Amino acid sequence: MKNSFKVSLLVFLVATSLLMSQTPVAKSSTAIYLRADGSVYPQDAPIFSEDNVTYILTANITESIIVERDNIVIDGFGHTVRGFAGGVGLNLTERHNVIVQNITVKLFQHGLYLLRSANITVSDSVISNNTYGIWFSLSSSNLVSNNLVTNNSYGFVLILFSNLNTIVRNIISGNIYGIRLDYISEQNTINGNTIKGNHGGALFILSSNNYIYHNNFINNVAQVQVSGEFQNIWDDGYPSGGNHWGDHIPIDVLSGPFQNETGSDGIADVPFMIDVNNVDRYPIVAPWSPTAITAKVWIKPDVLNLGVKQGWVAVYVGFISDHSVGRINVSETMVNGTLSAEPSLAVISDYDGDGKSDLAIRFNRTLVKEYIRSKGLTTGDIVFKVSGYLFDRTPFVGYCAIKIRMCGDVNTDGVVDLKDVLVVKVAFGSYPAHPHWNDVADENEDGQIDLKDIYIVASNYGQTYA
Ligand SMILES: [Ca+2]
Ligand SMILES: [Ca+2]
Ligand SMILES: [Ca+2]
Ligand SMILES: [Ca+2]
C-alpha cells in the first residue's frame with residue numbers, strides 16, 4: 001500500500017510537470033531555421049545543402065534547429081547541437097518524413113521535439129544530458145533506432161496519443177527514466193534496446209497495448225513500473241521470447257510453449273511478473289544481441305509507375321556474410337517497417353549472379369503505391385528500407401532507392417509533355433527482346449509498346465506532378 005501510494009504520488013507529480021512543459025520556448029535569436037522553401041536562415045549558419053533535401057551540419061552549433069520543411073534528411077555528420085539547459089535542440093513540430101542522423105543533441109530542455117509529427121526517423125545519434133531526450137506528443141509512426149540515449153532526466157517520453165512508434169536497438173542508459181509512455185500512447189514497439197543503469201527503466205502510465213520484447217533490462221533501480229490496470233505485451237511468443245531481465249537469474253531446464261518439456265531452450269522456465277496485467281511469459285536467458293546483418297537489396301520495377309494498378313513489387317535480398325537467405329522469416333519482412341511481404345510468393349535464386357543465393361519477395365503493388373502516396377510523393381527518388389528477421393531472431397536490414405513517377409511521365413521529370421511522347425515514339429513497335437525496347441515507355445506494362453501506351457501519355461498530356 002505504502003509503495004503504491006508513493007508511486008501514485010510520483011506519477012501525479014511527474015505527469016503535472018510533463019503536461020506543463022508541453023510548449024517549449026525557443027528564442028528566435030538563437031535558432032537556425034530550415035525553411036519550408038528549402039532555404040537555411042540565417043544564411044551563414046553552418047548547415048549545407050546542395051539539393052534542399054539533404055542538410056549537413058558543417059560545424060558544432062549552440063543554436064536550436066527549427067525544422068519547417070518535410071521530406072528531408074538532416075545529417076549531423078558527427079557534429080553537436082548543444083544547448084544551455086533550456087529550449088529545444090531540434091524542433092520537428094508538425095513535420096513529416098524527416099530523417100535525423102549522425103548528430104549529438106545535448107543540454108536542452110527537449111533534445112528532439114515531435115508534436116503532431118509522423119514518419120520521423122532518428123538514427124545513429126547521441127541524445128544526452130537533456131531534460132527530455134526525445135519528446136513525442138500526438139506523434140505517431142515514427143522510428144528511433146541505433147541511438148545512444150544517456151544521462152537525460154527522461155530518455156524518451158511518448159505522451160498524448162503517440163501511437164505506432166518504433167523504438168529499436170537503442171542504448172538507453174544513465175537516465176532518471178529510460179522510457180516513459182503516458183496518456184493513451186499505444187501500439188508502440190520497443191524492441192532490441194539495451195535499457196541499462198537508469199533509475200527507472202520504463203514507466204507506463206495510462207498506456208496499454210504496447211509491444212516490448214527482445215530488450216535487455218539491466219541494473220535499473222526499478223526495471224519497469226506500470227501504473228493502474230493497463231496491459232502491455234512483453235514477449236513475442238514462443239520460441240521468439242520476451243526480454244532479458246538482468247536482475248532475474250532464471251532457471252532453464254525445461255522447454256516448450258508451456259515450459260513443461262525436458263531440456264533447456266534459452267527461455268526462462270518461469271514467467272517474469274511485472275504485475276498481474278503485465279507478464280513476460282518467455283523471458284530470454286541470454287542478453288539480446290542487437291547486431292543486424294547487412295543485406296544487399298534490389299527492387300523491381302526500379303522505376304515505379306504509380307498509375308499502373310495491378311501486379312507486384314519484387315524485392316531481392318542477398319547477404320554479404322555467410323548467413324543464408326533461406327533462413328529469412330518472410331512473413332516478418334517489411335518495407336519501411338510498414339508494408340508486409342506476401343509469404344507464399346518467395347523464391348530463391350541468384351539475382352546478381354555472384355554465386356550466392358538471393359531471396360525474391362513480393363509486395364502488393366497497390367499497397368506499395370498507397371504507402372508512397374500517403375507520404376505525398378509522386379515523382380523522384382524514394383529509399384526503401386527492407387528489414388526483418390532470420391528464424392533465430394537475428395535481424396537484417398538493407399536499403400535500396402528507386403524512382404517513382406505518375407502515368408504518362410515516362411522520363412520522370414514531373415511533367416507530361418512532348419518529351420514523353422518522343423520516348424514512346426522511339427520505342428514504338430518494340431517488345432522486350434527488340435533493339436528499340438525501353439521498359440519505361442511501356443506505360444501499361446503489357447510487354448509491348450504500341451498505341452495503348454501513346455494513348456496513356458496523350459490522355460495525361462499537360463499534367464504536372466510535385
Ligand atoms: Ca526453459
Ligand atoms: Ca547473389
Ligand atoms: Ca515527363
Ligand atoms: Ca504497352
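**D453, I456 and V457 are the buried residues of α4.** Here a residue is buried if 20 or more other C-beta atoms lie within 10 Å of its own, exposed if 12 or fewer, and partly exposed in between, with C-beta atoms placed from the backbone. The three buried residues span an arc of only 95° around the axis, which puts them on the same side of α4; the arc is that of the directions from the helix axis to the C-beta atoms. L451, K452 and S459 are exposed on the face of α4 turned away from this buried side. The cover over the buried residues of α4 includes α3. The structure is a predicted model, in which local features need pLDDT of at least 70, side-chain atom pairs count only at pLDDT 80 or more, and totals for chains, interfaces and linings use all residues. Residues are numbered from 1 along each chain as its sequence is written, while chains are lettered from A and ligands numbered from 1 in the order in which they are written.

**Helix α3 turns D420, V424 and A427 to its buried side.** Helices (H or I, at least four residues) and strands (E, at least two) are DSSP runs, numbered from the N terminus. Viewed down the axis of α3, the buried residues fall within an arc of 65°, so they line one face of the helix. An α-helix has 3.6 residues a turn, so residues three or four places apart point the same way. On the other side of α3, the exposed residues are L418, K419 and V426. Helix α4 is included in what covers the buried residues of α3. Just after α3, G429 adopts a positive phi of about 85°.

**Helices α3 and α4 pack against each other.** The pair consists of α3 (residues 418–427) and α4 (residues 451–459), whose axes lie 10 Å apart at an angle of about 175°. Axes are lines fitted to C-alpha atoms, for helices over the stretch in contact, and angles run from 0 to 180 degrees between N-to-C directions. The two helices are therefore roughly antiparallel to each other; angles under 35 degrees count as roughly parallel, over 145 as roughly antiparallel, 65 to 115 as roughly perpendicular and the rest as oblique. From α3, D420, V421 and V424 meet D453, I454 and V457 of α4, contact being defined as C-beta atoms, placed from the backbone, that lie within 7 Å. This contact of α3 with α4 comprises 4 nonpolar, no polar and 2 charged residues. In this scheme Ala, Val, Leu, Ile, Met, Phe, Trp, Tyr, Cys and Pro count as nonpolar, Asp, Glu, Lys and Arg as charged, and the others, Gly among them, as polar.

**R95 is a buried loop residue.** The loop that holds R95 runs between β8 (88–91) and β9 (96–101). R95 counts as buried because 25 other C-beta atoms lie within 10 Å. Leaving aside residues up to four places away in sequence, R95 touches V67, D70, S117 and I120. Between R95 and D420 there are 34 Å in space, C-alpha to C-alpha, and 325 residues in sequence.

**N97 and N146 have positive phi values.** N97, in strand β9, has phi near 55°, a positive value in a residue other than glycine. N97 has 18 other C-beta atoms within 10 Å and is therefore partly exposed. N146 belongs to the loop between β15 (143–145) and β16 (148–150), and its phi is near 60°. With 17 C-beta neighbours inside 10 Å, N146 also counts as partly exposed.

**P42 and P239 each follow a cis peptide bond.** The bond from Y41 to P42 has omega near -5°, and P42 sits in the loop between β2 (40–41) and β3 (47–48). For the cis bond from Y238 to P239, omega is near 5°. P239 is part of the loop between β26 (222–226) and β27 (244–245).

**S374 belongs to helix α2.** This helix comprises residues 365–374. S374 counts as partly exposed because it has 13 C-beta neighbours inside 10 Å. S374 and A286 are separated by 88 residues in sequence and by 40 Å in space, C-alpha to C-alpha.

How values were computed. Two residues are in contact if their C-beta atoms, placed from the backbone, lie within 7 Å.
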